[in-house]
Amino acid sequence: MAELVGAAIDRLMPLHGGARGCVVARRDGSIVAERYAAGWGPDDKAITYSVTKTVMQLLYLIAKGKGQVGDATPLRAVFTDHPWDEEDEAKKALTLGHLVRMTDGLDGGRKYSLVEPMAESDDPVALALRLPLAHPVGAHFRYDNVPSDLLAMALQRAVGTSLLQYAEQHLFAPLGIAGAWWRPMAAGGNMGGSGVFLGLRDMAKLGVLIHQDGAFQGRQIIPAVAVAEWKDEVRAGTFAHLWAEPGRGLYASGIHGQGVLIAEGYVAAFQGTEVGEHHEDPAHDKTRAFREAAWGILDIAREEAA
């Protein structure tokens, strides 16, 4: 199996400007095969772009299991210092659950146009909440970084520490992930829509954790019911910081060919480079090409194991 899977990874590596590497692992975390580009190895970290959203979602589920947050929690109960009386009455219905599913309705303009303004603002909460509503709260899904960054700020307030600190204690350390870096925001804390730097083995461990309903090497890191319900919701067609590929599995996706794929029995993690085509649509050529190749690699692994 290792030879066939390795050969398939070799075919993925030169796609669309090249990959930094790819790791395929079994559901127990053991590695089937891995490949790295020249100058890269298992200990090297690179930005994961929107895979960060899935990392944050795992932290959200951990905090949810501890009773620190909940989907029904109103934003006005978290951001108590925001002048809600000056806001559109409809915005008072916003909850953490709307941010998780990106059904907040806030009009962030052109997709990703507020990534840097949010990161550099001294009051990103006000910047986000003062956006007009393009749709009624809860009525429309729109993929963007604004709700993810707003969720990150809410989560950090609820747990009393930065996402990186919370992750190091409750997620990264239990998974054996060391040396991760997470881009900070000027106002404090970390971004939610992008900014986590991880290695490929680190990313594969996240896939194993999701595959195993929150468990890793016999340790339950996230309540199993919470992870199972999250996966079921995504499979049913609801985005919640994770995507579903019908008939294949679940996946996290980054704009420059980053991804974590979770199929029955196996996971794959890959990192593209910033070279070559990219687009704001996660289904665009570069990201899709890496993902299609990785699904094919997982098919080979499953066929060989049968």
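**Exercise 1.** By class, how many nonpolar, polar and charged residues does the lining of the second largest cavity have?

*Solution.* The model is predicted.
Step 1: identify the cavity. The second largest cavity has a volume of about 50 Å³.
Step 2: list the lining. Ser50, Lys53, Thr54, Tyr143, Phe239, His241, Leu242, Trp243, Ala252 and Ser253 line this second largest cavity.
Step 3: assign classes. Tyr, Phe, Leu, Trp and Ala count as nonpolar and Lys as charged, while residues such as Ser, Thr and His fall among the polar ones. The lining of the second largest cavity therefore has 5 nonpolar, 4 polar and 1 charged residues.
Step 4: relate the lining to secondary structure. At least two of its residues come from α2 (51–65), and at least two from β9 (249–253).

**Exercise 2.** Characterise the largest cavity by volume, lining and residue class.

*Solution.*
Step 1: count the cavities. There are 5 cavities of 30 Å³ or more.
Step 2: give the volume. For the largest cavity, this is about 80 Å³.
Step 3: list the lining. The residues around the largest cavity are Met102, Asp104, Gly105, Leu106, Gly108, His135, His140, Arg142, Asp144, Val146 and Pro147.
Step 4: assign classes. Gly counts as polar, and Asp and Arg as charged. The lining of the largest cavity accordingly divides into 4 nonpolar, 4 polar and 3 charged residues.

**Exercise 3.** Describe how α2 packs against helix α9 (residues 200–211).

*Solution.*
Step 1: take the geometry. The axes of α2 and α9 lie 12 Å apart, and the packing angle is about 45°.
Step 2: classify the angle. Roughly parallel requires an angle under 35 degrees, and roughly perpendicular one of 65 to 115; α2 and α9 are therefore oblique to each other.
Step 3: state the handedness. The crossing of α2 and α9 is left-handed.
Step 4: name the contact. Thr54, Val55 and Leu58 of α2 meet Leu206, Leu209 and Ile210 of α9. By class, this contact of α2 with α9 comprises 5 nonpolar, 1 polar and no charged residues.

**Exercise 4.** Are α2 and α8 roughly parallel or roughly perpendicular to each other?

*Solution.*
Step 1: take the geometry. The axes of α2 and helix α8 (residues 163–175) cross at roughly 70° and come within 10 Å.
Step 2: classify the angle. The range for roughly perpendicular is 65 to 115 degrees, and α2 and α8 are therefore roughly perpendicular.
Step 3: name the contact. From α2, the residues are Val55, Met56, Leu58, Leu59, Ile62 and Ala63; from α8, they are Leu163, Tyr166, Ala167, His170, Leu171 and Phe172.
Step 4: assign classes. The contact of α2 with α8 has 11 nonpolar, 1 polar and no charged residues.

Notes
Residues numbered from 1 in each chain as written. Predicted model: local features only at pLDDT ≥ 70, side-chain atom pairs only at ≥ 80, totals over all residues. Heavy atoms only, no water. 1 Å grid on protein atoms, 1.4 Å probe; cavity = no way out; pocket = protein on both sides within 12 Å on 5 of 7 lines; lining within 4 Å. Points joined across faces, edges and corners; volume = space filled by probe spheres on them. Helix = DSSP H or I, 4+ residues; strand = E, 2+ residues; numbered from the N terminus. Axes fitted to C-alpha atoms, helices over the stretch in contact; angles between N-to-C directions. Parallel < 35°, antiparallel > 145°, perpendicular 65-115°, else oblique. Left-handed = near helix turned anticlockwise from the far one by under 90°. Contact = heavy atoms within 4.5 Å.
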